[in-house]
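User: Please pick a single part of this model and go through it closely. Set it against the chain as a whole, and then against a few other positions treated in the same way.

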Amino acid sequence: MNTFKIKILEADNTFYDGEMQSITVPAVDGEYGVLANHQNLVVAIVPGIMRCTYADGSTGSAVLSDGMMRIEDNDVLILVDSAEWPDEIDEARVRAKEAAAREAMLQKKSMREHALAEASLKRAIARMRIKNM
């Protein structure tokens, strides 16, 4: 099967750099899939689970935070604040963050603080989903 070059960059390091057959990322209007020779475009990424098929046919998944994906001439660049493989996730820490985010959303605070708490909750939920797959 055809492959494409992909680089996934976190805020402070390279999360993945290699070849893939396909990738699906969480986008604002649902999930967005990419195969080799996809048309050029830019997509906003929301917190959620990325699923991929590597060049050798094996599959994997990771949790992505907010970011963007650029596809240009069979090269894919994903820029996110953070990305994690399932085995890197500390379940107890995620549960604590989820509880704190839910509590923050219940507080009568500014719209900005509510939006930040909601984003934190979405990340925590995605991390728990991938951990329990």
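Analyst: Two residues are in contact here when heavy atoms of theirs lie within 4.5 Å. Among the contacts in the chain with a separation of 6 or more, 52% join residues 24 or more positions apart. The model is a predicted one, and the part taken up below is Ser65, in the loop between strand E6 (59–64) and strand E7 (67–72).

The chain comes first. Its secondary structure amounts to nine strands and two helices, in the order β-β-β-β-β-β-β-β-β-α-α along the sequence. The radius of gyration is 16 Å, close to the 14 Å that the globule rule gives for 133 residues, so the chain is as compact as a globular protein of that length. The C-alpha trace spans about 50 × 30 × 25 Å along its principal axes. Of the 133 residues, 40% are buried. The exposed area is about 7600 Å², and 49% of this comes from carbon and sulfur atoms. There are 16 positive and 21 negative charges, and the mean positions of the two sets are 7 Å apart.

Now the loop residue itself. Ser65 has a relative accessible area of 2%, and the limit for a buried residue is under 20%, so Ser65 counts as buried. Its side chain takes part in two polar contacts with backbone nitrogens. The backbone nitrogen of Asp81 is 3.2 Å from the side chain of Ser65. The backbone nitrogen of Ser82 is 2.8 Å from a polar atom of that side chain. Leaving out residues up to four places away in sequence, Ser65 touches Ile45, Val46, Pro47, Val80, Asp81, Ser82 and Arg123. One of these, Ile45, falls within strand E4 (41–45). Another, Val80, falls within strand E8 (75–80). Arg123 falls within helix H2 (residues 111–131), so the list of contacts takes in a helix residue as well.

Asp81 also gives a link to the start of the chain. Asn13 sits in the loop between strand E1 (4–9) and E2. The C-alpha atoms of Asn13 and Asp81 are 10.0 Å apart, with the two positions 68 residues apart in sequence numbering. Asn13 is partly exposed, at 38% relative accessibility.

Gln21 offers a buried position inside a strand. It belongs to strand E2 (residues 14–27), and its relative accessibility of 12% counts as buried. A polar atom of the Gln21 side chain lies 3.1 Å from the backbone oxygen of Ala55. Thus for Gln21 the backbone partner is an oxygen, whereas for Ser65 the backbone partner atoms at Asp81 and Ser82 are nitrogens. Beyond four places in sequence, Gln21 touches Met1, Asn2, Thr3, Phe4, Val34, Leu35, Ala36, Thr53, Tyr54, Ala55, Asp56 and Gly57. Among them, Phe4 falls within E1, and Val34 and Leu35 fall within strand E3 (30–35).

Two further loops hold residues with a less usual backbone angle. Most residues other than glycine have a negative phi. Asn37 has a positive phi of about 60° and is not a glycine. Its place is the loop between E3 and E4, and with a relative accessible area of 58% Asn37 is exposed. Asn74 likewise has a positive phi, near 65°. It lies in the loop between E7 and E8, and is partly exposed at 22% relative accessibility.

The helices complete the picture. Ala100, in helix H1 (residues 91–106), is partly exposed, with a relative accessible area of 48%. Its C-alpha atom is 18 Å from that of Arg129, and the two residues are 29 apart in sequence. In helix H2, His114 has a relative accessible area of 33% and is also partly exposed. The C-alpha atoms of His114 and Gly67 are separated by 19 Å, with the two positions 47 residues apart along the chain numbering.

To return to the part chosen: Ser65 is a buried loop residue, its side chain reaches the backbone nitrogens of Asp81 and Ser82, and its contacts include Arg123.

Technical notes
Residues numbered from 1 in each chain as written. Predicted model: local features only at pLDDT ≥ 70, side-chain atom pairs only at ≥ 80, totals over all residues. Heavy atoms only, no water. Helix = DSSP H or I, 4+ residues; strand = E, 2+ residues; numbered from the N terminus. Rg over C-alpha atoms; globule rule 2.2 N^0.38 Å. Buried < 20%, exposed > 50% of the residue type's maximum accessible area, 1.4 Å probe, protein only. Areas by Shrake-Rupley, 256 points an atom, 1.4 Å probe, with all protein chains shown as cover. Lys, Arg positive; Asp, Glu negative; His and termini not counted. Charge placed at Lys NZ, Arg CZ, Asp CG, Glu CD. Polar contact = N/O pair within 3.5 Å; in protein donor to acceptor, adjacent residues only side chain to side chain.
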